[in-house]
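Trainee: Could we go through this model together and ask, for each label, what earns it?
Mentor: Gladly; have the structure open and ask away.

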Amino acid sequence: MKTFSQAQFLLAAGKPADLPPVGPPEVAFAGRSNVGKSSAINALLGRKGLARTSKTPGRTQTINFYELAEGVRLVDFPGYGYARVPKPMREQWKALVGAYLDSRDPTAVVVVMDARHPATDLDRQLLAWLGERRVLVLLSKADKLSRLEQKTTLLRLSSLSPHVRLFSSVTRQGVEESRDLLEAWLRASHTNKRPPVKGI
């Protein structure tokens, strides 16, 4: 299944009423503002500018839906945790993402963290909020760490999820491995089988 070989923008939801009807399998992406989430999405899709990147954290405040191959949707949550975003907007984020998670059960949620500053309190709160859902943690910008720092960071964060990957949209580290895991989860969801506990 070459799910990530083609993608096109579908719609942007700014409030719960804008969410599309539940239907195709979905892979959702979440992460703090400015951790490289859009760059990670573009790397996995093999596209340069489909998911828009911004140097201004907290700018995107909609859930963006993309249509992939095999009848799959990619769902891009707005970034969270940027201190300068007004409280009402942060509450809007919680209401919008909460409505999404309450209304559907995505095949997987990819949580992107900056490998240099991972597992903040907000990151851990999100993981707890996601509960028993399938979660892939991507440690983005891994190219900015030395080999030893990468190894140490990966070992330290292995308890966050059975699936934690070093990732770099610059060097392509972890791109194929992460894509293969997500496609395995999507295949498992099609056949109603549980995926392997540790990687593939």
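The talk below goes from the overall fold to single residues, aromatic rings and salt bridges.

Mentor: Keep in mind that this is a predicted model. The protein has 5 helices and 7 strands, and from the N terminus on they run β-β-α-β-β-α-β-α-β-α-β-α. Buried residues make up 52% of its 200 residues.

Trainee: Why is Ser168 called buried?
Mentor: Its relative accessible area is 0%, and buried means under 20%, so the label follows. Ser168 sits in the loop between β7 (164-166) and α5 (175-190). Leaving out residues up to four places away in sequence, Ser168 touches Ala142, Asp143, Gln173 and Val175.

Trainee: And what makes Arg179 count as buried?
Mentor: The relative accessibility of Arg179 is 14%; the limit is under 20%, so Arg179 qualifies. Arg179 belongs to helix α5, and a polar atom of its side chain lies 2.8 Å from the backbone oxygen of Leu44. Beyond its neighbours within four places in sequence, Arg179 has contacts that include Phe4, Leu45 and Arg172.

Trainee: Why is the pair of Phe65 and Tyr100 called tilted?
Mentor: The count by this rule is 5 aromatic pairs. In this one, the ring centres of Phe65 and Tyr100 are 6.3 Å apart and the planes stand at 55°. The centres must lie within 6.5 Å, and planes under 30 degrees apart are stacked while those over 60 are edge-to-face. The angle of 55° falls under neither label, so the pair is tilted.

Trainee: Which parts of the chain does that pair tie together?
Mentor: Phe65 lies in strand β3 (residues 63-68) and Tyr100 in helix α2 (residues 87-103), so the pair links parts 35 residues apart in sequence. Both Phe65 and Tyr100 are buried, and with Phe77 they form one aromatic cluster.

Trainee: On to charges: how do you know that Glu26 and Arg73 meet in a salt bridge?
Mentor: Their side chains have an N to O distance of 3.0 Å, and the cut-off is within 4 Å. Glu26 lies in strand β2 (residues 26-31) and Arg73 in strand β4 (residues 73-76), so the pair ties together parts 47 residues apart in sequence. Glu26 and Arg73 are both buried.

Trainee: What makes Arg32 and Asp123 a salt bridge?
Mentor: Here N to O is 3.5 Å, again within 4 Å. Arg32 lies in the loop between β2 and α1 (37-45) and Asp123 in helix α3 (residues 121-130), so this pair joins parts 91 residues apart in sequence. Arg32, at 18%, is buried, and Asp123, at 0%, is buried too.

Trainee: How about Asp105: buried or exposed?
Mentor: Exposed, since its relative accessible area is 61% and the label needs over 50%. Arg133, at 22%, is partly exposed, because that value lies between the limits of 20% and 50%. Asp105 and Arg133 form a salt bridge, with their closest N and O atoms 3.6 Å apart.

Trainee: How many salt bridges does a search of the whole structure find?
Mentor: There are 10 salt bridges. Those that share partners join Glu26, Arg73 and Arg104 into one network.

Notes. Residues numbered from 1 in each chain as written. Predicted model: local features only at pLDDT ≥ 70, side-chain atom pairs only at ≥ 80, totals over all residues. Heavy atoms only, no water. Helix = DSSP H or I, 4+ residues; strand = E, 2+ residues; numbered from the N terminus. Buried < 20%, exposed > 50% of the residue type's maximum accessible area, 1.4 Å probe, protein only. Contact = heavy atoms within 4.5 Å. Phe/Tyr/Trp six-rings, centres within 6.5 Å; stacked < 30°, edge-to-face > 60°. Polar contact = N/O pair within 3.5 Å; in protein donor to acceptor, adjacent residues only side chain to side chain.
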